Amino acid sequence: MRKISHWIGGKPSNGSSERTSTVYDPATGQPQAEVLLATPGDVEDAVATAGAAFESWSQSSLSARTKIMFAFRQLVVERMDELAEVISAEHGKVVSDARGEVQRGLEVVEFACGLPSLLKGEYSDQASTGVDVFSFREPLGVVAGITPFNFPIMVPMWMHPVAIACGNTFILKPSERDPSVSQLIAELYAEAGLPDGVFNVVNGDKDAVDALLDSRGVAAVSFVGSTPIARYIHERGTAQGKRVQALGGAKNHAIVMPDANVDFASDHLVAAAFGSAGERCMAISAAVAVGGVADELLAAVAEKARAIQVGPGRDAASEMGPVITAAARDRIVSLIGSGEQQGADVTVDGRGLVVPGHEEGFFVGPTVLDQVTTDMDAYREEIFGPVLSVLRTSSVDDAIDMINSNPYGNGTAIFTSSGEHARRFQRGVNVGMIGINVPIPVPMAYYSFGGWKDSLFGDKHVHGPEGVSFYTRAKVVTSRWPHVEAPSGASYAFPNA
Ligand code: NAD
């Protein structure tokens with residue numbers, strides 16, 4: 001069985017751990033590799049290595065860092081197909097979607113190539129007589145990223161290019177479900193000329209995460225994953241005095257107004273609900289039909305959901321792959337069942353789907369639940385699978401109230417042809433990322449990505465200007481260069497001229 005190791009100090013490392021976790025091929029349900037699970041001692045080794053590398057990396061010039069980032073970008077472009085295939089083999093998503101994931105990550109690398117323009121400081125000439133004041137930002141030290149299974153390359157790329165371009169050194173603890181692509185990224189950084197120890201990968205589970213949270217050598221932690229773990233990471237990390245940004249789960253609603261184009265809205269709804277088998281933090285899982293549009297919308301969505309080609313991600317004919325594990329499949333199936341028991345209509349039922357030749361694969365077909373209400377478990381839980389719930393309200397204000405009553409606040413969208421409705425929606429919802437006739441409003445890399453409420457713990461969103469702010473801290477210098485012959489003498493009043 002293939003063994004997946006760590007990457008510490010510019011080379012693969014097996015550390016001292018004897019514990020492993022199985023990596024499956026979700027399309028066949030068969031084990032394909034064992035990933036090593038780091039011990040707290042392995043994590044401390046990585047922290048020490050990254051700490052030593054910080055001494056010189058933080059002193060490297062902006063142009064030296066930029067050159068490496070450009071070289072890394074070029075390698076990611078050249079190896080995009082290979083990266084996408086590695087993702088698909090362990091995650092299960094279709095290869096074209098995996099390529100899209102690499103592309104969105106690449107955009108953050110490109111943002112990091114231009115980072116010197118965001119690290120420019122401020123300068124006040126003659127703030128007081130003979131006194132100038134200026135500010136600049138410095139890196140924090142060793143920073144860690146702890147990431148989920150659903151975007152094994154893109155989510156880490158929200159973090160490490162920005163952190164590294166700012167002058168930090170980085171330890172990635174990727175998901176133990178699909179860890180291989182992180183090794184490949186480490187190799188590409190090395191090939192791009194990144195000094196050893198600046199980018200490290202530690203594979204592991206809770207033991208490794210807790211060691212990172214407790215380590216005195218780690219200055220900041222970026223986390224993306226489910227809400228209970230995000231809350232835990234934020235509490236434990238900040239209790240240790242670290243800077244923490246912890247992005248959590250989601251329940252993303254799309255409002256469809258009676259004035260929307262139903263064909264357009266239903267196309268985008270099925271893509272947003274069932275793309276990547278619904279395993280996206282920005283997937284639309286609740287469609288809120290306003291007024292008389294519900295029946296027409298449901299018919300259109302159901303027809304398109306039934307037409308989706310489900311199969312192995314590596315098969316070019318597949319439009320949707322399996323979910324990540326057998327446990328995830330069973331949980332999704334059980335939440336569909338609970339929706340049915342609690343009164344929802346299962347208009348399209350993906351339970352029991354069998355893909356010929358892949359009978360053991362972790363497949364669930366696209367599922368549409370109608371007549372869902374906000375007290376049902378299928379609505380209250382983040383299902384994180386290919387299930388779209390349809391809810392009904394009588395006005396845009398009721399729909400906005402529904403969204404604001406939900407504990408999550410990651411993304412949301414409205415389909416409408418009315419500027420008035422769109423504007424009322426964008427101003428009224430307590431959600432971080434908003435789409436107007438755009439179902440998955442993921443901000444471009446030069447904006448910042450993040451939700452509100454239980455979808456993010458901490459103050460800063462990832463990448464864009466807030467990412468730069470998260471990975472740096474400000475220094476303000478007040479400076480005076482007096483003439484040697486200038487009169488000296490103590491003044492006990494606060495200077496004011
Ligand atoms: P997860 O919370 O199970 O795991 C995320 C990371 O935390 C992994 O690296 C995992 O090893 C680690 N972890 C798991 N249990 C832990 C524990 N008890 N203590 C310490 N560390 C632990 O999430 P997942 O299943 O990998 O990913 C899916 C979740 O991520 C969904 O809830 C999804 O909404 C969320 N997500 C959110 C965003 C966002 O931007 N807000 C983006 C992607 C995914």
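1. A polar contact is here a pair of N or O atoms within 3.5 Å, and by that cut-off a polar side-chain atom of glutamate 382, at 2.5 Å from an oxygen atom of the ligand, makes such a contact in this predicted model.

2. Backbone atoms also take part in the contacts with the ligand: a polar backbone atom of threonine 147 is 2.8 Å from an oxygen atom of the ligand, and a backbone N or O atom of phenylalanine 149 lies 3.1 Å from a ligand oxygen. Of the 840 Å² of accessible area that the ligand has on its own, the protein covers 87%.

3. The ligand occupies the space that is the largest pocket, and the elements giving two or more residues to the shell around it are helix H7 (206–214), strand S11 (218–224) and helix H8 (227–239).

4. There are 27 residues around the ligand, of which Lys173, Glu176, Ser226, Gly248 and Glu382 come nearest; sorted by class, the shell comprises 15 nonpolar, 8 polar and 4 charged residues.

5. As for the placement within the fold, the ligand lies between domain 1 (2–248 + 455–477) and domain 2 (252–436), because both domains give residues to the shell around the ligand.

Notes. Residues are numbered from 1 along each chain as its sequence is written. This is a predicted model: local features need pLDDT of at least 70, side-chain atom pairs count only at pLDDT 80 or more; totals for chains, interfaces and linings use all residues. Side-chain values use heavy atoms; hydrogens and water are left out. A residue is near a molecule or strand if one of its heavy atoms lies within 4 Å of it. A polar contact is a pair of N or O atoms within 3.5 Å; within protein, one must be able to donate a hydrogen and the other to accept it, and residues adjacent in sequence count only if both atoms are side-chain atoms. Accessible areas come from the Shrake-Rupley method with a 1.4 Å probe; for residues, only the protein chains shown count as cover. On a 1 Å grid over the protein atoms alone, a cavity is a set of points where a 1.4 Å probe fits but cannot get out, and a pocket is an open set with protein on both sides within 12 Å along at least five of seven lines; lining residues have an atom within 4 Å of a point. A molecule sits in a cavity or pocket if more than half of its atoms lie within 2 Å of its grid points. Helices (H or I, at least four residues) and strands (E, at least two) are DSSP runs, numbered from the N terminus. Ala, Val, Leu, Ile, Met, Phe, Trp, Tyr, Cys and Pro count as nonpolar, Asp, Glu, Lys and Arg as charged, and the others, Gly among them, as polar. Domain bounds come from an automatic or database domain assignment.
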